[in-house]
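Reader: I am new to structural models and would like to learn how such descriptions are justified. Could you take me through the reasoning for the one shown here?

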4 protein chains.
Amino acid sequence: MHFASDNAGPVHPRVMAALAAANEGYALAYGAEPAMADLTARIREIFEAPEATVHLVAIGTAANALLLATLAQPWQTVFCSDVAHIHEDECGAPEFFTGGSKLTLVPSTDGKMTPEALRATIGAEESRGVHGPQRGPVSITNVTERGTLYALDEIAALCAVARDFGLPVHLDGARFANALVALNCSPADLTWRAGVDALSFGGTKNGLMAVEAAILFDPARAQEFEYRRKRGAQLFSKHRYLSAQMGAYLQDALWLALARDANAAASRLRDGLAAIPGVTLLADYRANMTFAAWPRAAHRQLLEAGASYYLWDGTLEDGPEDAPLTARLVCDWSADPADTDRFLGLLRDAMALGNVTKL
Amino acid sequence: MHFASDNAGPVHPRVMAALAAANEGYALAYGAEPAMADLTARIREIFEAPEATVHLVAIGTAANALLLATLAQPWQTVFCSDVAHIHEDECGAPEFFTGGSKLTLVPSTDGKMTPEALRATIGAEESRGVHGPQRGPVSITNVTERGTLYALDEIAALCAVARDFGLPVHLDGARFANALVALNCSPADLTWRAGVDALSFGGTKNGLMAVEAAILFDPARAQEFEYRRKRGAQLFSKHRYLSAQMGAYLQDALWLALARDANAAASRLRDGLAAIPGVTLLADYRANMTFAAWPRAAHRQLLEAGASYYLWDGTLEDGPEDAPLTARLVCDWSADPADTDRFLGLLRDAMALGNVTKL
Amino acid sequence: MHFASDNAGPVHPRVMAALAAANEGYALAYGAEPAMADLTARIREIFEAPEATVHLVAIGTAANALLLATLAQPWQTVFCSDVAHIHEDECGAPEFFTGGSKLTLVPSTDGKMTPEALRATIGAEESRGVHGPQRGPVSITNVTERGTLYALDEIAALCAVARDFGLPVHLDGARFANALVALNCSPADLTWRAGVDALSFGGTKNGLMAVEAAILFDPARAQEFEYRRKRGAQLFSKHRYLSAQMGAYLQDALWLALARDANAAASRLRDGLAAIPGVTLLADYRANMTFAAWPRAAHRQLLEAGASYYLWDGTLEDGPEDAPLTARLVCDWSADPADTDRFLGLLRDAMALGNVTKL
Amino acid sequence: MHFASDNAGPVHPRVMAALAAANEGYALAYGAEPAMADLTARIREIFEAPEATVHLVAIGTAANALLLATLAQPWQTVFCSDVAHIHEDECGAPEFFTGGSKLTLVPSTDGKMTPEALRATIGAEESRGVHGPQRGPVSITNVTERGTLYALDEIAALCAVARDFGLPVHLDGARFANALVALNCSPADLTWRAGVDALSFGGTKNGLMAVEAAILFDPARAQEFEYRRKRGAQLFSKHRYLSAQMGAYLQDALWLALARDANAAASRLRDGLAAIPGVTLLADYRANMTFAAWPRAAHRQLLEAGASYYLWDGTLEDGPEDAPLTARLVCDWSADPADTDRFLGLLRDAMALGNVTKL
């Protein structure tokens, strides 16, 4: 009953096999292995972006922070939602890698900014000449940190706002594959065709060991990115093990298959949750992350039974037993339907019991 | 005939097996997996340092830069040799991670600083009150970037100089295992007992895929290191694959065996080189890296025959055919004696040919 | 009719005289002039803080940013109001000098944070272990950026919240003298006795040419401040001209007299404004800055007549003539009552005219 | 007998008068005062550079560090002499303002780099692809930190080397006026016509209170400089007192007259020193700074008699009385010939005495 995070799951066997296959003899270091050139060609094909440059790193925070540092000047501010991963969960990595840029927070609902809110927030900055922070890139997350999705036209509308102000757009795609299969669109449509300039293309949460691709759709700043990656201690010597993972990920569309599996697992979970009286889904979810609320007492029973997930807005201790408490539930590609069903069964039982509902 | 670098070689099969074994089901992320606690205990035991803290990262530059950032203030300067990896090969990562510390270069011979040179260099700084950079940590590399070794008493003498000035000591041990087996001493003797405060304990060059351990012998700054690691985008979510590698590395002293193999391969190579008239070894080498010089024409023949190594002080093109040119030759744990012998045979033939010696 | 800013006014003649007096022959540079030692003693006396250290800089942003850099770690976040000068008007100087700390904004009303809002905001940070930004110093501004004042017990209540979390407190006192005379309390009461650790003690807005004193009530971090000041290019060689200004400022309580004059001028202005039907004062003001609203058409007449002040929430162009628009009106020590009366007269006339009230 | 530094002297009376004149009524802040526009026009005229942009700051370190930050990327290294002020005397300000650029030191003699040494040093960097620091701007100081001068053709030769590598050139002109009058050339010849891109145009050491002009001969990066200046806490609110100083400095060529006075004073001093047996001038000096050596015992007598200057290569205490010790002797515009003669007389007497020569 593992719903803590999609980074808690295992590496897919085909990725492990690719690592084993890459482990033959000697190879040129630092990305000079032939597999990296193949990979770049493959990603350009997938994204219909023959000029794009591809740079592998091991950690999503690195992809985000290095791309933002490449897009932003230190005296600029990055516009992102008030629940953005780059704001809440990277211990200030964007501020560190950019040399001290600010993050200006855009109000969000269920993790999503509206174009209006983005426009108002950008408009309110840079009204003080040289005295205030200057406007910098817009960063969007899809799948959002709250499990929701921006539809194609929503992404395009946000990008249009950025373009009106002449600002570049970064897309945090830690769960890009999950968004893509949920939206059933092309990688190009979800990125550069909508107006995205730079993409953190996640792999680690979707079956890889530790690889993310930073993709620049405009190659003009690629060399700068290379310097920043090396200086940021993100350039791997035994780089072949990164390109091997990413190669296997793209081979025969494994990445899409894994995302479909994860999304399907989450869908099964949500169907089950929706059928339990007293359980509330907090928003409309279509990818692999779900937020749902039910009484504290039922959480207690599930967690004691070994279920693993985050309590989002409180603790087991602080509050009445019958008060609703939100769970963040994430499914990865390896989620076991039987496990999910067992979880749902336990929750159903807990909710049915007098000790929950009567409290 | 692969002598380009010990980061060009493969991962040891037992490490690959450990990765496969770690790839079972779900695990807590970010170092909370039980294997990490075991690993810390094991390293404390190996180093006879029950208080030491252990922090895994994937890249040597990250270990170095994060440790230096933890030891140095931005207004201080780090003392290191003029050929230190942190100065020459990290694209300014130490300057970046420290927030702009300087590096003050100590003259070296064959990659080694003398205590006298270190003392003179430290003494010459901080003579200008608040105006000049302030004295900061000393960073030593062992095995040095020039393949030589500091003996135990040499490390201790450098540390004693640092201590006289009240400065902490960092040891860049990208090839720590190679130094240790060559010196035939204990890990404690080569580090904290000699006066080292922080160690970059290398694994990647010695059979791992991508793991280095940053070790702080004094735990006082461990929490700061943790913040810096996260903020520096070096904290892995699927951390279990780092601890698995490092666990296998230490298991049954694999790390020492691999270093012995690499050193032995280098020793076989050096014996062969020494026996070829006209080939000069540049210094006394006992670890896995060797610098040797022979005429350009013979380099040409070797490289055309497929040998792989760095020309250190010139190019094939710029200079007379009979002028000596230095090769850097690095052996890793997987070096094949037959390969080495073939290399030596080719060099012997090239040196014997009129077209080399007569030029 | 100059109400644009208290930094638009002239230097007080006694300060000019002190500069002239300091301009005799040679003097030791960089703060070693005897006047600086006298000044430190004087400030310690005034603040009843015999251990405090005093460091002169020329610009308020420098005092704020250097003090925050001394109090905060790069991975921490500074808590300040959402209209704080350090957030809105320093082009990211705090982020730059701290090495990339965040600023976490506390909701404010009329420029003031409540203890409850501060507690809630601090409480909401650092809930994510190493992943989120860590809690850092609290920064309070008094007189606030909206012209209001924190009373003694309000400052103490905010400091108590900071203390509950173990966080240091910085006070941005660009208009410290104005606050002090308005509150009619002692410098000690308004700072360290209330719980303030570090003070930006303003002078430039109150009759000096360009001097602010950074005061650390706990000397433990004074040496660090010195390094940061030099490295931040804020240590003056001809430092005697800074200590001369600050010396004159404190001599015979000139600083308090100037602040009283500025506050009195603002009081006269407010009394006049309050007497004009249709003019609204936005809050309760007691120092030298006032926000007041009246119809756009009357603004037009005043500005065309040569009055100088900032329109705070709109422009002359965008909106109906009879819609209220807010002016920020700042009085400095040199404000001329006749000038103020002329301004009030013009406004009274404009408001009385049909073309305003009938629109 | 004041030879400690040209920053120990007073402000010229015409500059004080200009400050008094500027102290009338209200003025727009932050450089919007009309005098600043006049000043820019005047500097463009003087430098025959109609496109140049002019930015005032108060401290030489600020001018240097901000200009270098504008010219260099964080992953680049600045080439400067091994005795450059930016390396030795700014507590790492260039590293701080650039975001962690390196400084690569070029060997110098008497403070001067040769084009050959500069070419060799630049050539030796950037040989390691992305791994090493990248080549960045060249920084030259004239008058050098050792009191010597680069002639026009020497500056041009250094700039030509920079141009060969495509690198911009910064000139640290803390004593620019002293160099100019000594070389008897035009400001344009000594800067952009020789190949200089950015100039720190000093005023503080030559009779101002605290003003330096950062001049960009190519305006392309002027806006970036403006952001960096504000963010670096170097933008003065009461900016009129900076433009007033610089205005008076340029008015009727006061700056050149003051530099001529300072250089003449130094010339008188050198003539006197050269005539004293046993006193050695260390190089050929033509500006206002001189290094000369004589026995320790004579230093003792001078210093005890109240002379003020720096001992450059030792202390009064450590060494034999008859061993030579070097003095750095700096003359400012206000140097008094009688004072110089008294100094020379004392030295002559000390050298003639048995207690010196016999030791």
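Reader: Which residue of chain D comes closest to the rotation axis?
Author: In this predicted model, the residue of chain D that comes closest to the axis is D:Gly100, whose C-alpha lies at 2.1 Å.

Reader: What makes the relation between chain D and chain B that of a two-fold axis?
Author: In general, two copies of a chain are related by a rotation about an axis and a shift along it. Here chain D is superposed on chain B by a rotation of 180 degrees with 0.0 Å of shift along the axis, and the RMSD is 0.0 Å. That is why the relation is that of a two-fold axis.

Reader: How do you know through which surface the copies, chain D and chain B, meet?
Author: Of the interface residues of chain D, 100% are also interface residues in chain B, and therefore the copies meet through the same surface.

Reader: What does chain B bring to its contact with chain A?
Author: Chain B gives 38 residues and chain A gives 38 residues. On the side of chain B, the elements that contribute two or more residues are α1 (13-22), α3 (60-71), α5 (93-98) and α10 (222-231). The residues on this side divide into 22 nonpolar, 12 polar and four charged.

Reader: Why is helix α8 of chain A called largely enclosed?
Author: A residue is buried if 20 or more other C-beta atoms lie within 10 Å of its own. Seven of the eight residues of α8 (residues 176-183) of chain A are buried, so the helix is largely enclosed by the rest of the structure. Among the buried residues are A:Phe176 and A:Leu180, and their cover includes β5 (169-173) and α12 (254-274) of chain A.

Note on methods
Residues numbered from 1 in each chain as written. Chains lettered and ligands numbered in written order. Predicted model: local features only at pLDDT ≥ 70, side-chain atom pairs only at ≥ 80, totals over all residues. Contact = placed C-beta atoms within 7 Å. Helix = DSSP H or I, 4+ residues; strand = E, 2+ residues; numbered from the N terminus. Nonpolar A, V, L, I, M, F, W, Y, C, P; charged D, E, K, R; others polar. Least-squares fit on C-alpha atoms with pLDDT ≥ 70 in both. Buried ≥ 20, exposed ≤ 12 C-beta atoms within 10 Å, placed from the backbone.
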